[in-house]
Amino acid sequence: MKAIVDVYEHRLWPTHDDDALKAHGLGSLEFLYDHFKNLNSLSGSNFDFEEAKSQYLRLKFDMRSTPIFNMDFKNFWVRIVTGFDKVMRDYKDFNVITRVVLLLVIDT
């Protein structure tokens, strides 16, 4: 559960320290990927974990200055995962692993 909090609890991201924000959650994201990588959605040719890590980094920097960043956990991630065209396009691979983690783990 700690790995999920590290990656997805956006209110704990160190948004005022760029270096800390870059590093925050990456080890936990790798842990989650290693745990779920055998699922079809994460093992197919349509998913690239290196790209997902890059998208996660961009998402952290992009979202910290948006109004949705002030939303609670549930509403923030519902907005990201169900998102709008730009989110779906810009963070496609990261959204795949996010759906796996947030829908499979937290919902069960």
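Start by selecting lysine 53, which you'll find in helix H5. Helices here are DSSP runs of H or I with at least four residues, strands are E runs of at least two, and both are numbered from the N terminus. Before you go on, know that this is a predicted model, in which local features need pLDDT of at least 70, side-chain atom pairs count only at pLDDT 80 or more, and totals for chains, interfaces and linings use all residues. Residues are numbered from 1 along each chain as its sequence is written, and side-chain values use heavy atoms, with hydrogens and water left out.

Is lysine 53 buried or exposed? Lysine 53 counts as buried because its relative accessibility is 18%; buried means under 20% relative accessible area, exposed over 50%, and partly exposed in between, with a 1.4 Å probe and protein chains only. Now show what lysine 53 touches: leaving out residues up to four places away in sequence, that's Leu26, Leu29 and Glu30. A contact here means heavy atoms within 4.5 Å.

Next, show helix H3 (residues 26–36) together with helix H5 (residues 49–63). Two packed helices are described by the angle between their axes and the distance between the axes. For H3 and H5, the axes come within 11 Å and cross at roughly 145°. Those axes are lines fitted to C-alpha atoms, for helices over the stretch in contact, and the angles run from 0 to 180 degrees between N-to-C directions. The crossing of H3 and H5 is right-handed: the near helix is turned clockwise from the far one by less than a right angle, whereas anticlockwise would make it left-handed. To see who makes this contact, pick Leu26, Leu29, Glu30 and Tyr33 on H3, then Phe49, Lys53 and Tyr56 on H5.

Stay on H3 and colour Ser28, Leu29, Leu32, Tyr33 and Phe36, which are buried. They sit on the same side of H3, because they cover an arc of only 140° around the axis. The arc is taken from the directions from the helix axis to the C-beta atoms.

Zoom in on serine 28, one of that buried group in H3. Serine 28 has a relative accessibility of 13%, so it counts as buried. Which residues does serine 28 touch, not counting those up to four places away in sequence? Light up Ala3, Asp6 and Val7. You can also draw a line between the C-alpha atoms of serine 28 and tyrosine 8: they are 20 residues apart along the chain and separated by 9.8 Å.

From there, go to isoleucine 4 in helix H1 (residues 2–8). Its relative accessibility is 6%, so isoleucine 4 counts as buried too. The C-alpha atoms of isoleucine 4 and aspartate 72 are 15 Å apart, with their places 68 residues apart along the chain.

Aspartate 72 takes you to H6, where it caps the N-terminal end: a side-chain oxygen lies 3.3 Å from the backbone nitrogen of lysine 74. Along helix H6 (residues 73–82), select Phe76, Trp77, Ile80 and Val81, which are buried. They lie on the same side of H6, because their arc around the axis is only 115°. Turn to the other side of H6 and you'll meet Lys74 and Thr82, both exposed. Just after H6, glycine 83 takes a positive phi of about 20°.

Last stop: asparagine 46, in the loop between helix H4 (40–43) and H5. Asparagine 46 is exposed, with a relative accessible area of 66%. Setting aside neighbours within four places in sequence, asparagine 46 is in contact with Lys92 and Asp93.

Terms used:
A polar contact is a pair of N or O atoms within 3.5 Å; within protein, one must be able to donate a hydrogen and the other to accept it, and residues adjacent in sequence count only if both atoms are side-chain atoms.
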